[in-house]
Amino acid sequence: MGPKGLGEEFTMKATVSEECIGCGLCESTCDAVFSIGDEGVAVAIEEDIPEEYEDAAKEAEEGCPVGAITVE
Ligand code: SF4
């Protein structure tokens, strides 16, 4: 058995909690990951965040006024 995790890719996922007030900031920061859904609140893509959007997704997490975004 080899060392665990070697060669595995680290991936990030984004989630939006019910704290979201639908301000739209995350969508303008990173519309590849976040969008305002039918309910008027943000939704994140279900898939892993594409690597090229990880920084923008992190920025959206930091910018959310109510801390509704988790990117990890
Ligand atoms: Fe909701 Fe935060 Fe996105 Fe605003 S920035 S739409 S409060 S998740």
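Q: Where in this predicted model does Asp48 lie, in terms of the loop and its flanking elements?
A: Asp48 sits in the loop that joins strand 3 (42-44) to helix 2 (54-63).

Q: Why is Asp48 called partly exposed?
A: Asp48 has 13 C-beta neighbours inside 10 Å. A residue is exposed at 12 or fewer and buried at 20 or more, so with 13 Asp48 falls in between and counts as partly exposed.

Q: Which residues is Asp48 in contact with, leaving aside its neighbours within four places in sequence?
A: They are Thr11, Met12 and Lys13. The criterion for such a contact is that the C-beta atoms lie within 7 Å. As for Val33, 15 residues from Asp48 along the chain, the C-alpha atoms of the two are separated by 9.3 Å.

Q: What makes the buried residues of helix 2 line one face of the helix?
A: The residues concerned are Ala57, Ala60 and Glu61. Viewed down the helix axis, the buried residues fall within an arc of 100°, and therefore they line one face. Asp55 and Glu62, on the other side of helix 2, are exposed.

Q: What covers the buried residues of helix 2?
A: The covering elements include strand 1 (14-16), helix 1 (25-29), strand 2 (34-36) and strand 4 (69-71).

Q: How many residues of the shell around the ligand are nonpolar, polar and charged?
A: The shell divides into 14 nonpolar residues, 2 polar residues and no charged ones. In total, 16 residues surround the ligand, and the closest are Cys20, Cys23, Cys26, Ala42 and Cys64. Cys and Ala both count as nonpolar.

Key:
Residues are numbered from 1 along each chain as its sequence is written. This is a predicted model: local features need pLDDT of at least 70, side-chain atom pairs count only at pLDDT 80 or more; totals for chains, interfaces and linings use all residues. A residue is near a molecule or strand if its C-beta atom, placed from the backbone, lies within 6 Å of it. Helices (H or I, at least four residues) and strands (E, at least two) are DSSP runs, numbered from the N terminus. Two residues are in contact if their C-beta atoms, placed from the backbone, lie within 7 Å. The arc is that of the directions from the helix axis to the C-beta atoms.
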